[in-house]
Amino acid sequence: MITKKLSTKQIDKHLNEINVKGYTCIKSFFSKKTIGTYLNLTNNIYRIYKISKHIPKVWNSAKIIYNLQNKDLKYLKIIQNNIFDRILKSKLNDPHFRNLDTVKSNYILNNFQARSSGNEKLFLHIDSGIPTGDVTTFLQIAILLEPSNKSSGCTIVVPKSHKSKKFANRKIKSYKFLEGSPGDVFIWDGNLWHGSLPNELGLNRWALIATFSNWRFKQIFDIPRTLSQKFYKKLTIKEKILLGYLGIPSNSEHDRVSSSIKVAHLKKNVKDFYK
Ligand SMILES: O=C(O)CCC(=O)C(=O)O
Ligand SMILES: [Fe+2]
């Protein structure tokens with residue numbers, strides 16, 4: 001996937017911002033053409049999408065497409081590039097991962113959705129599950145497909161809250177607004193308190209939100225098991241690692257005692273992992 005080029009120094013600057021403030025913005029990272037393709041794809045999918053009846057009432061008015069990896073493999077292509085990889089690896093890689101050369105990426109895709117804010121705000125929260133402070137376990141990358149601003153329901157963040165080791169304080173009223181244009185990318189630490197404003201325009205504000213984690217963390221949906229065989233066959237090894245195939249728990253101590261699988265032992269079919 002072609003993206004804006006960044007020097008090592010620029011990447012380090014973004015990493016430093018994530019460390020210090022908890023978030024960063026890469027302006028115009030994707031071209032208008034690429035974003036146009038993904039906006040069309042997302043609109044087309046949403047048109048025929050069966051909305052989950054399990055979405056909590058408070059989120060009812062937001063438009064959400066869950067499990068993008070199951071909808072079209074093109075969604076996996078937009079989240080794979082050298083720059084995201086360097087940032088994700090630097091923050092999430094397990095340096096002692098047993099079954100892969102540790103210079104390789106071993107973080108996983110934890111959750112992948114498209115979201116357009118609704119007419120209610122999304123309360124402040126963290127996506128890391130446990131506020132681990134200085135140890136980053138989750139990173140979120142938001143790719144804007146449409147303008148995101150105070151009227152269309154942009155993301156809001158509480159700078160430095162990722163260090164607090166506390167769950168979000170939902171009463172806080174002072175935050176930063178992550179306003180941006182199609183093609184801009186926001187990256188934040190999964191411990192950062194964030195939410196989104198209500199969408200007051202009635203126009204869509206589609207953003208792709210990819211949540212990545214250290215490989216040890218449970219994915220929200222069972223990504224490895226629910227991928228179709230048709231898609232599985234098309235995955236590269238790197239994509240199999242990204243989707244969590246190396247971290248599938250063992251069926252029994254007679255099968256494997258290690259908590260991860262060697263690349264050489266990846267199965268031919270999805271169902272073979274679950275015998
Ligand atoms: O849509 C947004 O701006 C933020 C959404 C969010 O926080 C999430 O999906 O976890
Ligand atoms: Fe979130």
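Start by selecting Thr-136, which sits in the loop between E4 and E5. Is Thr-136 buried or exposed? With a relative accessible area of 11%, Thr-136 is buried, because anything under 20% counts as such. Bear in mind as you click around that this is a predicted model.

Now show the surroundings of Thr-136. Leaving aside neighbours within four places in sequence, Thr-136 is in contact with Lys-91, Leu-92 and Asp-189. Draw a distance between the side chains of Thr-136 and Lys-91 and you'll find a polar contact of 3.3 Å.

**Next stop: helix H5**

Lys-91 takes you to helix H5, residues 82-92, where Lys-91 is one of the buried residues. The others on that buried list are Ile-83, Phe-84, Asp-85, Ile-87, Leu-88 and Leu-92. Then go to the N-terminal end of H5 and pick Asn-81, which caps the helix. A side-chain oxygen of Asn-81 lies 3.1 Å from the backbone nitrogen of Ile-83.

**Over to His-14**

From Ile-87 in H5, hop across to His-14, as these two residues touch. His-14 is found in helix H1 and, at 5% relative accessibility, counts as buried. Besides Ile-87, His-14 touches Leu-6, Thr-24, Cys-25 and Ile-26, not counting residues up to four places away in sequence. Thr-24 deserves a click of its own: a polar contact of 2.8 Å joins its side chain to that of His-14.

**The six-stranded sheet**

Switch to cartoon view. You're looking for an open sheet of 6 strands in the order E1-E8-E5-E10-E3-E2, with antiparallel pairing. At the edges stand E1 (23-26) and E2 (63-65); each has a single partner strand, so one side of each is left without a neighbour in the sheet. Look along the sheet and you can follow the turn between neighbouring strands, 20° on average with direction ignored.

Helix H1, residues 8-20, packs on this sheet and touches E1, E5 and E8 (185-189). The direction of H1 makes about 150° with that of E1. Then colour helix H2, residues 32-47: this one lies across E2, E3, E5 and E10, running at about 100° to E2.

For a close-up of strand pairing, select E3 (residues 108-116) and E10 (residues 207-213), which pair in the antiparallel sense over 7 bridges. Which residue of E10 is the bridge partner of Asn-111? Select Thr-211 and you have it.

**Into the core**

Show side chains for Ile-79, Leu-109, Ile-143, Val-185, Leu-208, Phe-212 and Tyr-245. Of the 63 residues in the largest nonpolar core, these touch the most other members. H2 gives this core its largest share, 6 residues. Centre on Ile-143 to see who is around: leaving aside neighbours within four places in sequence, its contacts are Phe-30, Ile-35, Ile-78, Ile-79, Phe-84, Asp-184, Val-185, Ala-207 and Leu-208. Another core, of 10 residues, lies apart from the largest one; Tyr-23, Leu-178, Trp-188 and Ile-209 are among them.

**The four-stranded sheet**

Now find the other open sheet, where 4 strands run in the order E4-E9-E6-E7 with antiparallel pairing. The edge strands here are E4 and E7 (176-178), each of which pairs on one side only. From one strand to the next, the twist averages 25°.

Zoom in on Gly-195 in strand E9. Gly-195 is buried, with a relative accessible area of 1%. Its neighbour Leu-124 is 71 residues away in sequence, yet the two C-alpha atoms are 4.5 Å apart in space. Not counting residues up to four places away, Gly-195 touches Leu-122, Phe-123, Leu-124, His-125, Cys-154, Thr-155 and Ile-156.

**Last stop: the iron ion**

E4 and E9 pair in the antiparallel sense over 2 bridges, and His-125 has His-194 as its bridge partner in E9. Both histidines lead you to the iron ion (ligand 2). Which protein atoms are its donors? Select His-125 (NE2), Asp-127 (OD) and His-194 (NE2), lying 2.1 Å from the iron ion. Along the chain, the donors follow the spacing H-x1-D-x66-H. Asp-127 and His-194 link distant parts of the chain, 67 residues apart: Asp-127 is in the loop between E4 (122-125) and E5 (138-144), His-194 in strand E9 (residues 194-196). Finish by comparing their exposure: Asp-127 counts as partly exposed at 26% relative accessibility, whereas His-194, at 4%, counts as buried.

Methods. Residues numbered from 1 in each chain as written. Chains lettered and ligands numbered in written order. Predicted model: local features only at pLDDT ≥ 70, side-chain atom pairs only at ≥ 80, totals over all residues. Heavy atoms only, no water. Donors = N, O, S within 2.8 Å, 3.2 Å for Na, K, Ca; no water. Buried < 20%, exposed > 50% of the residue type's maximum accessible area, 1.4 Å probe, protein only. Pairing = 2+ DSSP bridges. Axes fitted to C-alpha atoms, helices over the stretch in contact; angles between N-to-C directions. Contact = heavy atoms within 4.5 Å. Polar contact = N/O pair within 3.5 Å; in protein donor to acceptor, adjacent residues only side chain to side chain. Core = buried A, V, L, I, M, F, W, Y, C linked by side-chain atoms within 4.5 Å.
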